[in-house]
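Colleague: Hi! Could you walk me through this one?
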Amino acid sequence: MKNKFLPEQLAEFEKSIAENAKDQAGLLKSIHLAQKVFGGVPVEIQRVIGKHHDASISKISGIVTFYDYFTSDIQGKNIIEVCVGTTCYVQEANDILKKVCEITKCEPNSTSRNKEFSVVIGRCLGKCELAPNVIINHKTHNKVTIDKVTELLKGI
Ligand code: FES
């Protein structure tokens, strides 16, 4: 699906990356800015960055896929990561994931149509002793139950 960006948002972004293009480390700065402004660096934005930095799409795409911080999909306003690593999995993380998907109307590893939510499948967040774990908007919640996640999602 083609992404839609506000013309003012794009114009402001292009102004900033034109400045970055004068700098040696500017390409990474521009990709970082895109992630922050648009919630991801889809191919349309990669083209805009490439035009200003005189860089190929494959180079930019290589950077986007190399760093975990960047995504080529536009993420939702709220990002929910449900760990389904082994320890969380045996403590019913899959049921929690199903509940999250049901509430957000979002498939695992995708973004809802209204761009409100992205649901991400996590693989061991390094807190197995507190499983099952869910990260909502960068905050980790431990020993999550279906009731607890339902309450947490009501709050956003
Ligand atoms: S398996 Fe979920 S935190 Fe380790």
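Modeller: Sure, we can go through the domains, a helix and the sheet, bearing in mind that this is a predicted model.

Colleague: Great. Which domains does the assignment give for the chain?

Modeller: The domain assignment splits out domain 1 at residues 7-66 and domain 2 at residues 78-154.

Colleague: And how far apart do the C-alpha centres of domain 1 and domain 2 lie?

Modeller: Those two C-alpha centres are 30 Å apart.

Colleague: Let's look at α1. How many residues does α1 have, and how far does α1 reach?

Modeller: Helix α1 covers residues 7-20, so to speak 14 residues, and spans 20 Å from its first C-alpha to its last. That is close to the 20 Å expected at 1.5 Å a residue.

Colleague: Which residues in α1 are buried?

Modeller: F13, I17 and N20 are the buried ones. They cover an arc of only 40° around the axis, so they sit on the same side of α1.

Colleague: What about the other side of α1: which residues are exposed there?

Modeller: On that other side you find P7, E8 and K15, which are exposed.

Colleague: And what do the buried residues of α1 pack against?

Modeller: They pack against two helices, α2 (26-38) and α3 (43-53).

Colleague: Nice. Switching to the sheet: what is the order of its strands?

Modeller: The order is β2-β3-β1-β4-β5, in an open sheet of 5 strands with mixed pairing. At the edges are β2 (110-111) and β5 (139-141), each pairing on one side only.

Colleague: Remind me, how do strands of a sheet pair in general?

Modeller: Through backbone hydrogen bonds, either parallel or antiparallel.

Colleague: So take β1 and β3 here. Do they run parallel or antiparallel?

Modeller: β1 and β3 run parallel, with 6 bridges joining them. As an example to click on, I80 has V119 in β3 as its bridge partner.

Colleague: And β1 with β4, parallel or antiparallel?

Modeller: Antiparallel, with 3 bridges between β1 and β4. Here V82 stands opposite V134 in β4.

Colleague: How many bridges join β4 to β5?

Modeller: There are 3 bridges between β4 (residues 134-136) and β5, and these strands run antiparallel. I135 has T140 in β5 as its bridge partner.

Colleague: Last one: which strands does helix α6 lie across?

Modeller: Helix α6 (residues 93-104) lies across β1 (78-83), β3 (117-122) and β4. Relative to β1, α6 runs at about 160°.

Colleague: Thanks, I'll start by viewing the sheet.

How values were computed
Residues numbered from 1 in each chain as written. Predicted model: local features only at pLDDT ≥ 70, side-chain atom pairs only at ≥ 80, totals over all residues. Heavy atoms only, no water. Helix = DSSP H or I, 4+ residues; strand = E, 2+ residues; numbered from the N terminus. Expected span 1.5 Å × (residues − 1). Buried < 20%, exposed > 50% of the residue type's maximum accessible area, 1.4 Å probe, protein only. Arc of directions from axis to C-beta. Contact = heavy atoms within 4.5 Å. Domains from an automatic or database assignment. Pairing = 2+ DSSP bridges. Axes fitted to C-alpha atoms, helices over the stretch in contact; angles between N-to-C directions.
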